[in-house]
Amino acid sequence: MAESNPMKNQPTDTAPDPLKAAWDEIQRLGLEPYVAELDVNGLTVIPPEIACPGDLKSRLLEAILDTAEDEKGFRPDLETGKTLKNYKGRYASEESGGDSPFGALLQCMVLKGRVFEEALMNPVHLAMATYLCGYSTILSSMTCFMKGPNETCLDLHSDCFLPDPWPSHAMLSASTYLLTDFSREDGCTAYVPGSHRLCRRPRPEEISIGEGGNPNAVPVEGKAGSLMVWHGNTWHGAYNRTNKGVRVSLNMLLARPHMRTEEDLADRVPEEVLDRNSARFAILTHQGLFYGFTSGEDAGRRVERASKYQMEYAEENGGLASVNPFFMHLHG
Ligand SMILES: O=C(O)CCC(=O)C(=O)O
Ligand SMILES: [Fe+2]
């Protein structure tokens, strides 16, 4: 293995600089204003013409409706939203109307078709996620929300379920494709600008939104096809939907590789899916991780597999990911 290690004989002064590479990519894609807003406010919305080149938005929406039909037994009616009106589902809250603040959920989406792989690998998404969490970041979850008219707002929270205080750099990068328009009446996301710098979860008296709620919460509005990106510390929630119809969105939560992820993908990604994607896709979908073994034998298997994918990734990008235990030549 050491033979194919592209870092092996590389003098330190020519080692690639991940910060420079990330910034070069941000400039190539024209994302500087969105990175600035993300730094200042903790959240930004990248418009459809940059975020969803080609017909990505419509293909994602169609694939989600097909998946909903398969898994939920009905195809959401985007015009009327009647199949999803006051949807009870998981997380339904008895306090306000008894319906779910999320609507209906579809989970573990990345393995449900090529278009979801494309959504993850969209260079605009990866540039923003890399800016927040680095080249070794991994997918924590890919989840779809389909929300019809409802009563219940989603309280402010951060997706970082670590004890606070949190570090100021992002442990998580969260991005959501808006697949239908987002306005206050559409039941859009809410957030508190600047909350990523507080490095703590909101206190109980700070979590509610809407009338009488946290006065610092603002709606996140955007056109269908936009990509909303936020720092893992940022406090966010969602307004209830007063319009008819359905709000459809696809969320991708990425984590630094030492974090426990929501989904466990290590042994679930079929070879054909890995074969048709880059080495970075394999890293994102946990093929470069060996933690989580269940026996010595399993540890050996996982280390071997993880080192293969880590080496391929290092070859693909010239060693930009700084976390690679296999460079120690322990197994070479
Ligand atoms: O439904 C929303 O707009 C927010 C959902 C949420 O909390 C999340 O995606 O992390
Ligand atoms: Fe959240």
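Which residue in E10 does cysteine 144 stand opposite? Cysteine 144 faces leucine 250 in E10. Keep in mind as you look around that this is a predicted model.

**The sheet**

Let's start with the sheet these strands belong to. Six strands make up an open sheet in the order E1-E8-E5-E10-E3-E2, and the pairing is antiparallel. Strand E1 (43-46) and strand E2 (104-106) stand at the edges with a single partner strand each, so one side of each has no neighbour in the sheet. On average, neighbouring strands here are turned by 20° against each other, direction ignored.

Here is how some of the strands pair up:

| Strands | Bridges | Sense |
|---|---|---|
| E2 and E3 | three bridges | antiparallel |
| E3 and E10 | nine bridges | antiparallel |
| E5 and E10 | seven bridges | antiparallel |
| E5 and E8 | five bridges | antiparallel |

You can also find particular partners in the structure. Alanine 104 has methionine 146 in E3 as its bridge partner. Moving over to E5, serine 173 stands opposite leucine 254 in E10, and threonine 176 stands opposite asparagine 251 in E10. Alanine 174 pairs with tryptophan 230, which sits in E8.

**Two covered strands**

How many of the residues of E5 are buried? The count is seven of seven, so to speak a mostly covered strand. In a regular strand, side chains alternate between the two faces of the sheet. Look along E5 and you'll see Leu172, Ala174, Thr176 and Leu178 pointing one way, while Ser173, Ser175 and Tyr177 point the other way, and all are buried. E10 is mostly covered too, with eight of its nine residues buried.

**Helices across the sheet**

Now add a couple of helices. Helix H2 (residues 32-41) lies across E1 and strand E8 (227-231), and runs at about 155° to E1. Helix H6 (residues 123-133) lies across E1, E5, E8 and strand E10 (247-255), running at about 155° to E5.

**Around the ligand**

Which residues surround ligand 1? They are Phe102, Phe145, Leu154, Asp159, Ala174, Thr176, Thr189, His236, Ala238 and Asn251. Strand E5 (172-178) and strand E9 (236-238) are the elements that give two or more residues to this shell. Sorted by character, the shell has five nonpolar residues, four polar and one charged. Some names should ring a bell by now: Ala174 and Thr176 belong to the set that points one way from E5. Asn251 is in the shell as well, and asparagine 251 is the residue that threonine 176 stands opposite.

**A helix to finish with**

Finally, find helix H9 (residues 296-317). This helix has 22 residues and reaches 31 Å from its first C-alpha to its last, close to the 32 Å expected at 1.5 Å a residue. Which residues of H9 are buried? They are Ala306, Ser307, Tyr309, Gln310, Met311, Tyr313 and Ala314. What do these buried residues pack against? Their packing partner is helix H8 (279-284). Just after H9 comes glycine 318, which takes a positive phi of about 70°.

Note on methods: Residues are numbered from 1 along each chain as its sequence is written. Chains are lettered from A and ligands numbered from 1 in the order in which they are written. This is a predicted model: local features need pLDDT of at least 70, side-chain atom pairs count only at pLDDT 80 or more; totals for chains, interfaces and linings use all residues. Helices (H or I, at least four residues) and strands (E, at least two) are DSSP runs, numbered from the N terminus. The expected span of a helix is 1.5 Å times one less than its number of residues. A residue is buried if 20 or more other C-beta atoms lie within 10 Å of its own, exposed if 12 or fewer, and partly exposed in between; C-beta atoms are placed from the backbone. Two residues are in contact if their C-beta atoms, placed from the backbone, lie within 7 Å. A residue is near a molecule or strand if its C-beta atom, placed from the backbone, lies within 6 Å of it. Ala, Val, Leu, Ile, Met, Phe, Trp, Tyr, Cys and Pro count as nonpolar, Asp, Glu, Lys and Arg as charged, and the others, Gly among them, as polar. Two strands pair if DSSP finds at least two bridges between them. Axes are lines fitted to C-alpha atoms, for helices over the stretch in contact, and angles run from 0 to 180 degrees between N-to-C directions.
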